[in-house]
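Trainee: Could you walk me through one part of this model in detail? I'd like to stick with the charged side chains and see what they connect.

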Amino acid sequence: MKQIAAFLSLFLLCLHLPVCAEESMVGKFSFETKTVLLNSGYTMPILGLGTYALEHDTCVNSVKALLAAGGRLIDTAYMYGNEDAVGEGVRQAMAEYGIPREEIFVITKIYPTQFGDPEAAIEMALEKLDLGYIDLLLLHHPDSGDVNAYRTMERYVAEGKIHSLGLSNWYVDELTDFLPKVTIQPSLVQNEIHPFYQEQDVVPFIQEKGIVVQCWYPLGGRGYTASLLGNETLCTIAAAHGVSAAQVILRWDLQRGIVVIPGSSNPEHIRENLDLFGFELAEDEMAQIQALDRGEKHDWY
């Protein structure tokens, strides 16, 4: 009987369905399943694809390339203007590759300009994605009306139309103010994080609350990627492992317990960005990368 129960729990985890899990497992990365258990009871892949700035056809093809390569996590947003393309790419991949919807985890965000009518924003996201439900919905950044918008999102969780909730671009002060005002604990906080901007105080603050951290701009962001990937320390570490500097950065994030969603429209790069489990960074290599921190933020959020 215990074996059957254990099998059922594992099966539900693989399908991203809520399970009664021990609190100690929440937020812990499994490099075997490449997933993390969220405090909402759902599992989420720990690496995937960011779709910022990907136009429709490019976005559809990038989403399909990710799913064909075994990736299962996709990040979009209202402000990216490509939620419909993400949904189209997912639906095509489900049909062509036989991937069940439950294996795919889609994140989207509502923007502060939508906080005045959060119901309309949520309904629009559901309609554009056209995937039955939203795996994880985030507020894109703090602004007036964010608490009311989040409380509306909580109602959609109760209806099963959204599975998990989260925040983007929230830091220590913002979280300290926001969290006591809502009922459902955010499952995830998504911030800019890369070797030149590491959030060494913010990341543990979030993780200690049982909230998963996810990074956008993991490779530095537009205009900064080349200098980051050309960094001598990162290139030396990459050469020692026979991998790319990008893979070193993404593996560094994973070993910090940070989910990665690098953006790309190049199928080869998308496959490379998923290939992070054939090597491990040593403690001294992690320390060398930590020493690269400049507090250098590359976007205004």
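Let's start with Asp130: what is its relative accessibility, and what does it count as?

Mentor: Asp130 comes out at 47% relative accessibility, so it counts as partly exposed (buried is under 20%, exposed over 50% and partly exposed in between, with a 1.4 Å probe and protein chains only). Bear in mind that this is a predicted model, where local features need pLDDT of at least 70, side-chain atom pairs need pLDDT 80 or more, and totals for chains, interfaces and linings use all residues. Numbering runs from 1 along each chain as its sequence is written, and side-chain values use heavy atoms, leaving out hydrogens and water.

Asp130 has a partner: its side chain meets that of Arg91 in a salt bridge, 3.9 Å from N to O (a salt bridge needs a Lys or Arg side-chain nitrogen within 4 Å of an Asp or Glu carboxyl oxygen). Arg91 sits in helix α3 and Asp130 in the loop between α4 (118-129) and β7 (134-139), so the bridge ties together parts 39 residues apart in sequence. (Helices are DSSP runs of H or I, at least four residues, strands are runs of E, at least two, and both are numbered from the N terminus.) Arg91 is partly exposed too, at 33%.

Stay on helix α3, because Glu96 is worth a look: it is exposed at 51%. Glu96 bridges to Lys64, with the closest N and O atoms 2.9 Å apart. That pair joins helix α3 (residues 83-97) to helix α2, 32 residues apart. Lys64, unlike an exposed residue, is buried, at 13%.

Now follow helix α2 (residues 56-68) to helix α11 (residues 267-274): they pack at about 40 degrees with their axes 9 Å apart. (Axes are lines fitted to C-alpha atoms over the stretch in contact, with angles from 0 to 180 degrees between N-to-C directions.) Ser62, Ala65 and Leu66 of α2 make the contact with Pro267, Ile270 and Leu274 of α11 (heavy atoms within 4.5 Å).

Some bridges sit inside. Lys109 and Asp75 meet at 2.9 Å, N to O. Lys109 is in strand β6 (residues 105-110) and Asp75 in strand β5 (residues 73-75), so parts 34 residues apart in sequence are tied together. Lys109 is buried at 1%, and Asp75 is buried at 2%.

For contrast, try Asp253 in helix α10 (residues 245-255). Asp253 is buried yet has no salt bridge, and the nearest side chain of opposite charge, Arg256, is 4.7 Å away (Lys and Arg count as positive, Asp and Glu as negative, with His and chain ends not counted).

Overall, the structure holds eleven salt bridges, and Glu123, Glu159 and Lys161 are linked in a network of them.
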